[in-house]
Amino acid sequence: MYNPMWDELRVQLTEEKNRLEQRVKEAEDLPALIEESVGELNSVDDQHPGDSGTELYERQKDLTMFRHAKEQLEEIDHALNKMDDGTYGICEKTGEPIPLERLQAMPTARYTIKHSHDEL
């Protein structure tokens, strides 16, 4: 069930994928750097505890953003694969069409709004 609007959604998904891939590439060493820096924080005796907490918070925030970007990439790849195999825009739970408005708002949507909470 092809819709011409999907060409625009494919462009949008591809642009977002490229942006996220660049972000992930820039942060590929982040998990190892966080582990290393946490070890350094533990070994510094003269560092104020508040500084250590702030540093740890910032590193954890970066790691969370990195993981979120990877999850988004997986969802984008899933949506692009569905476009390629002709199943894009079909609810994975019910087989019903996902309204175009929902896909425009969330191009990686796998479910209709009615069933979007079933998988949480």
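Confidence in this predicted model varies by element: helix H2 (residues 30-43) has the lowest mean pLDDT of the elements in the protein chain, at 56, and H4 has the highest, at 94. Over the protein chain the average pLDDT is 83, and 76% of the residues score at least 70. Where pLDDT is low, the predicted coordinates should not be read in detail.

**Overall architecture**

The protein chain contains four helices and zero strands, which gives the pattern α-α-α-α when read along the sequence. Of its 120 residues, 28% count as buried. The protein chain exposes about 8,200 Å², and carbon and sulfur atoms supply 51% of that area. Among contacts between residues at least 6 apart in sequence, 59% join residues at least 24 apart.

**The second largest pocket**

The second largest pocket holds about 210 Å³ of space. Helix H1 (5-26) and helix H3 (49-85) are the elements that give two or more residues to its lining. H3 supplies the largest share of that lining, with five residues. The residues lining the second largest pocket are Gln12, Leu13, Glu16, Leu20, His68, Glu71, Gln72, Glu75, Ile76, Pro107 and Thr108. By class, this lining is made up of four nonpolar, four polar and three charged residues.

**Threonine 112 and proline 99**

Two residues outside the helices are set side by side below.

| Residue | Place | Relative accessibility |
|---|---|---|
| Threonine 112 | segment after helix H4 (100-105) | 6% |
| Proline 99 | loop between H3 and H4 | 42% |

Threonine 112 counts as buried because its relative accessibility, 6%, is under the 20% limit. Proline 99, at 42%, lies between that limit and the 50% above which a residue is exposed, so proline 99 counts as partly exposed.

Leaving aside residues up to four places away in sequence, threonine 112 touches Cys91, Glu96, Pro97, Ile98, Pro99 and Arg102. Proline 99 is thus one of the residues in contact with threonine 112. A further relation links proline 99 to tyrosine 111: the two residues are 12 apart in sequence, and their C-alpha atoms are 9.8 Å apart in space.

How values were computed:
Residues are numbered from 1 along each chain as its sequence is written. This is a predicted model: local features need pLDDT of at least 70, side-chain atom pairs count only at pLDDT 80 or more; totals for chains, interfaces and linings use all residues. Side-chain values use heavy atoms; hydrogens and water are left out. Buried means under 20% relative accessible area, exposed over 50%, partly exposed in between (1.4 Å probe, protein chains only). Contact means heavy atoms within 4.5 Å. Accessible areas come from the Shrake-Rupley method with a 1.4 Å probe; for residues, only the protein chains shown count as cover. On a 1 Å grid over the protein atoms alone, a cavity is a set of points where a 1.4 Å probe fits but cannot get out, and a pocket is an open set with protein on both sides within 12 Å along at least five of seven lines; lining residues have an atom within 4 Å of a point. Grid points are joined across faces, edges and corners, and a volume is the space filled by probe spheres set on the points. Ala, Val, Leu, Ile, Met, Phe, Trp, Tyr, Cys and Pro count as nonpolar, Asp, Glu, Lys and Arg as charged, and the others, Gly among them, as polar. pLDDT is the predictor's confidence in each residue, from 0 to 100.
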